[in-house]
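Hi,

Here is the structure I said I would pass on. Have a look at it first, and then read my notes underneath.

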Amino acid sequence: MRGICAKCRGTFDGQMLCPQCGLQLIEETEGSSISFASVPIEDTPDGPSLPRRLALGAVTLFGAFHGLQHLATMVSLSTGGTEFARPEVPVVCLAIAALGAAIISGTANRRAEATGLLLALCAGAAFVGADEIRHAPVAETWLTGIPVFLGLIGIVGGLVGRIAVPPAPRLPRFAQLGSRITPTIVGEPRARIAWGRILAGAAVVVVGTMNADAIQQALSRVLAGRSGAFGAVQLVAWELSVLMALAGGVLAGGNTRGGISQGAIAGFLAAVGTMIAVAATGPEHSRVMEFWVDQLGRNAFEVVPFAVFGGSIVMITAVGGWLGCQTFPPPRK
């Protein structure tokens, strides 16, 4: 009886074990139909690529948005009311459509949150840009409020899609048939604190929050045809500070394993730095601080507005850190 060794591929007569490798031999008739070629394993079975997911989400969003608008128009004509003719109705339809599109594009996607965010931001830019091209009257607070609102909806939708249909797990590689190599199971390395990214993210948050007034005035000058009221709206300054906090969190948590902790530490440092800067320059010189004072109905020098201002910076920056970790994950070793 002739046998074949699965490791060295040698053939031997009248033996059960390979004299070179010590493995059990396979009969020649049985082994003649067995292929020992290794099959490559895909490392990232994440399904369609990002452009294809964005294309699918864009088609879904476009169809859902116009379908909801037609439904609202039908309800308005059948009831004879005017509540469906309000300018907020298209925004609500766009938000619902963006949520559904983000959920669909986020299924079986390791970067579902980033995909939903990008899709929703593109939808908001197209919505506001279309009105600007038609020279239609647009609320001045919508110019930054709609992108922020839709961006948050895109993140939530992507997260829901990834949880509903999670991506395929990353399977380890196994040794070839007959190999004596013992696989070593290595756990995930402990997340280390990247202080450089934390300090850079905190600096972005502090500088962006303290210069929200200047950025607001610059936008007011750039947007041709807008009145000076855009540069005096406190809500716009707060929305800009939210964007800067998210950007600082993404910078602090990107390419790291502990995105939330990175963003939380950066947010705490940014909150302390911002509070010191606001107290030094005066709360009345910060429109973001004026926004919280008006919302809470307190005095500018009380502790509650300062605490709410600092706490919002910590929470938003932590969310940005989580988003940065999801968008720019660390490389696998």
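Below is what I found in the cores and on the surface. Keep in mind that this is a predicted model.

Let's start inside. The largest nonpolar core has 21 residues, and the members touching the most others are Val 288, Met 289, Phe 309 and Ile 313. Two or more residues each come from α6 (195-210), α8 (234-253), α9 (259-281), α10 (287-296) and α11 (303-327). Of these, α10 gives the largest share, with 5 residues. If you click on Val 288 and skip the neighbours within four places in sequence, you'll find Thr 209, Ala 212, Ala 237, Trp 238, Ser 241 and Phe 309 in contact with it. There is also a second, separate core of 20 residues, with Leu 61, Val 89, Val 91 and Ala 97 among them.

Thr 317 is worth a click too. This threonine sits in helix α11, and it counts as buried because its relative accessibility is 0%, with the cut-off at under 20%. What is Thr 317 in contact with, leaving aside neighbours within four places in sequence? The list is Val 205, Ala 245, Gly 248, Gly 249, Gly 263, Ala 266 and Gly 267.

Now the outside. Ile 193, Trp 195, Leu 199, Phe 268, Leu 269, Val 272 and Ile 276 make a nonpolar surface patch of about 700 Å². Both α6 and α9 supply at least two of its residues, and the largest share, 4 residues, is from α9. One of the patch residues in α9 is Phe 268, which is exposed at 52% relative accessible area.

In soluble globular proteins, nonpolar side chains tend to be buried together, so do look at that patch alongside the cores.

Cheers

Definitions and conventions:
Residues are numbered from 1 along each chain as its sequence is written. This is a predicted model: local features need pLDDT of at least 70, side-chain atom pairs count only at pLDDT 80 or more; totals for chains, interfaces and linings use all residues. Side-chain values use heavy atoms; hydrogens and water are left out. A nonpolar core is a set of buried Ala, Val, Leu, Ile, Met, Phe, Trp, Tyr and Cys residues joined through side-chain atoms within 4.5 Å. Buried means under 20% relative accessible area, exposed over 50%, partly exposed in between (1.4 Å probe, protein chains only). Contact means heavy atoms within 4.5 Å. Patches are made of residues with over 30% relative accessible area and no salt bridge: like charges are joined within 9 Å, nonpolar side chains (Val, Leu, Ile, Met, Phe, Trp, Tyr) within 5 Å. Accessible areas come from the Shrake-Rupley method with a 1.4 Å probe; for residues, only the protein chains shown count as cover. A salt bridge is a side-chain nitrogen of Lys or Arg within 4 Å of a carboxyl oxygen of Asp or Glu.
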